[in-house]
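Reader: Hi! Could you walk me through this protein, one residue at a time?

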Amino acid sequence: MVLGEWKERITIQKSILGNDPVGNHVLAWKDYYTCSAYANNLSGKEYWEAVQVSAQKEIYLYIRYCSEVAEMDTEHYRILFRGQVYNITFLDNVKYQNKTLKLRASLVKR
């Protein structure tokens with residue numbers, strides 16, 4: 001990946017538990033971190049596996065590792081990318097070097 005290819009802007013959102021006016025617990029999404037990313041579609045074997053389960057709208061995003069993304073998990077975080085919402089399905093600290101984080105994400109059906 002060439003540094004100039006890291007041109008996509010993504011916003012990572014975090015789920016926040018709050019209360020509505022009546023006092024019920026509600027889950028809301030709040031912008032947590034915005035950064036540049038390298039985006040790529042699935043390819044090869046991963047693409048064909050996704051097609052078989054009708055999960056064709058999956059992408060990979062690479063972002064720089066930092067303290068803000070070190071605590072991320074697949075349950076409490078999601079991604080806004082090009083006006084679409086993506087659930088994070090897999091996180092990979094590439095080679096455990098704390099330099100690059102690889103995110104596999106699937107498009108949320110609305």
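Reader: Which residues does Ile 79 touch, not counting residues up to four places away in sequence?

Author: Happy to help! This is a predicted model, where local features need pLDDT of at least 70, side-chain atom pairs count only at pLDDT 80 or more, and totals for chains, interfaces and linings use all residues. Residues are numbered from 1 along each chain as its sequence is written, and side-chain values use heavy atoms, leaving out hydrogens and water. With contact meaning heavy atoms within 4.5 Å, Ile 79 touches Ile 10, Thr 11, Leu 61, Gln 84, Val 85, Tyr 86, Ile 88, Leu 103 and Ala 105.

Reader: Which residues touch the most other members of the largest nonpolar core?

Author: A nonpolar core is a set of buried Ala, Val, Leu, Ile, Met, Phe, Trp, Tyr and Cys residues joined through side-chain atoms within 4.5 Å. Buried means under 20% relative accessible area, exposed over 50%, and partly exposed in between, using a 1.4 Å probe and protein chains only. Of the 18 residues in this core, the ones touching the most other members are Ile 10, Ile 63 and Ile 79.

Reader: Is Leu 91 buried or partly exposed?

Author: Leu 91 lies in strand β5; strands are DSSP runs (E, at least two residues), numbered from the N terminus. Its contacts include Met 72, Leu 101 and Leu 103. Because its relative accessibility is 23%, Leu 91 counts as partly exposed.

Reader: How far apart in space are Leu 91 and Ala 105?

Author: In sequence, Leu 91 and Ala 105 are 14 residues apart. In space, C-alpha to C-alpha, the distance between them is 9.1 Å.

Definitions and conventions. Helix = DSSP H or I, 4+ residues; strand = E, 2+ residues; numbered from the N terminus.
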